[in-house]
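These exercises deal with ring contacts and nonpolar packing. Work through each task before reading its solution.

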Amino acid sequence: MTSVQKSWTFTLGDRTVYRLGYGAMQLAGPGVFGPPKDRSAAVAVLREAVAQGVNHIDTSDFYGPHVTNQIIREALHPYPDDLTIVTKVSARRGADGSWIPAMSPAELTQAVHDNLRNLGLDVLDVVNLRSMFDVHGPAEGSLEAPLSALADLQRKGLIRHIGLSNVTPTQVAEGRKICEIVCVQNYYNLAHRDDDKLIDDLARAGTAYVPFFPLGGFNPLLSSVLSDVAARLGATPMQVALGWLLRRAPNILLIPGTSSMAHLKENLTATEIALSDDVIKQLDGVATKAA
C-alpha cells in the first residue's frame, strides 16, 4: 500500500478517489502566469504523482493561462482510467497576470471548451464554478445565472459533475437547488476555520470538501506551535498540516501542489505521520484561541 492509498478514499461525483491528491496550480510560472522555468521538471512531477497513486488532480485553464492544462496533457495523456481531473472556471487573466471575473454564460462556455481542448478530453469529470464576487474570498451574491449555464453544458454532455469554489454556505444552498453539487473548494486550514460547520454539513450529505492553502494565513503563534509539533514528530509543518486536515473530516480531499519532486514526496508521505489524539487536541486548541 502506497502512502497515497493510506489516505483512504471518498466519492467525488461517480468516481472514487484517494483523499490525498495533487493541485497543479504551481506548475505554471510565477504568479500562476506564463510558462514554468523547467517544463520537463513539471512533467516529471505529474508523472511521479500518478505513479505514487494520486488519482485526483485539480487544475484550471486560467492557470498560465492554458499552460498547466497543456503540461498535464503532455505528461499524462492518454489518462489512466481511474484518474479524475477537476477543473474550475469563471476567471480570465489580464496581460499583466491579473485575475478578471468571467462569469457570463458565453465566457463560461468558452472556458469549458478551452479546458476540453487543452486537456485533450471529450468531457470534463468535474467543473467547479469559482465565485468571483470577491477575488480574494467568499462574498455573497447569486450564482444562479452562471451555475445554470454550467448545468446546461452538463446536459449537453460536456461536463459530468459540477462543484463550487470560493463560496458561502448560502451559495451552496442556492446551488443545490439548480444542480447536484459534488464538491466545495474553499480556503480552509488549521489557522483558517470559517468553514467548520459547512464541512460537517457537507460530510453528512456525502459531499466532498476540498481545502486549499493548507499553510495559508498562519500567524506567528500558530506557525510556532505547528513547527514545534512537527519537530517532535520528525515531520515538516506541511506534513502535520495535511495530516490534521485528513483527521478533521472524512469528506476532506487534499490537493497540495508543488513543482518540486522533493516537496511532492514530502506531501505524499503525510499519511505516514501519526498524529495522536493529544497532538490533535493541541492543534485544535491553538486554532480555537487564535479565532
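**Exercise 1.** Which residue lies over the face of tryptophan 99, and at what distance from the ring centre?

Solution. The model is a predicted one. Arginine 93 is the residue over this face, at 3.6 Å from the ring centre. Trp99 also belongs to a cluster, in which ring pairs link it with Phe62 and Tyr63.

**Exercise 2.** Classify the pair of tyrosine 188 and tryptophan 244, and locate both residues.

Solution. Step 1: the structure holds seven aromatic pairs. In this one the ring centres are 6.1 Å apart and the planes stand at 25 degrees, so the pair is stacked; the cut-off for stacking is under 30 degrees.
Step 2: tyrosine 188 is in the loop between strand E10 (181-187) and helix H6 (196-205), while tryptophan 244 is in helix H8, so the pair ties together parts 56 residues apart in sequence.
Step 3: buried means under 20% relative accessible area. Tyrosine 188, at 0%, is therefore buried, and so is tryptophan 244, at 2%.

**Exercise 3.** Treat phenylalanine 212 and phenylalanine 213 in the same way.

Solution. Step 1: their centres are 5.2 Å apart with 85 degrees between the planes, an edge-to-face pair.
Step 2: phenylalanine 212 has a relative accessible area of 16% and is buried, whereas phenylalanine 213, at 44%, is partly exposed.

**Exercise 4.** How many residues has the largest nonpolar core, and which helix gives the most to this core?

Solution. Step 1: the largest core has 85 residues; Tyr22, Leu46 and Ile57 are among those with the most contacts inside it.
Step 2: helix H8 (residues 237-248) gives the most, with seven residues.
Step 3: a second, separate core has 11 residues, including Val126 and Ile255.

Conventions. Residues are numbered from 1 along each chain as its sequence is written. This is a predicted model: local features need pLDDT of at least 70, side-chain atom pairs count only at pLDDT 80 or more; totals for chains, interfaces and linings use all residues. Side-chain values use heavy atoms; hydrogens and water are left out. A nonpolar core is a set of buried Ala, Val, Leu, Ile, Met, Phe, Trp, Tyr and Cys residues joined through side-chain atoms within 4.5 Å. Buried means under 20% relative accessible area, exposed over 50%, partly exposed in between (1.4 Å probe, protein chains only). Helices (H or I, at least four residues) and strands (E, at least two) are DSSP runs, numbered from the N terminus. Rings of Phe, Tyr and Trp (its six-membered ring) pair if their centres lie within 6.5 Å; planes under 30 degrees apart count as stacked, over 60 as edge-to-face and the rest as tilted. A charge sits over a ring if NZ of Lys or CZ of Arg is within 6 Å of the ring centre and within 35 degrees of the ring normal.
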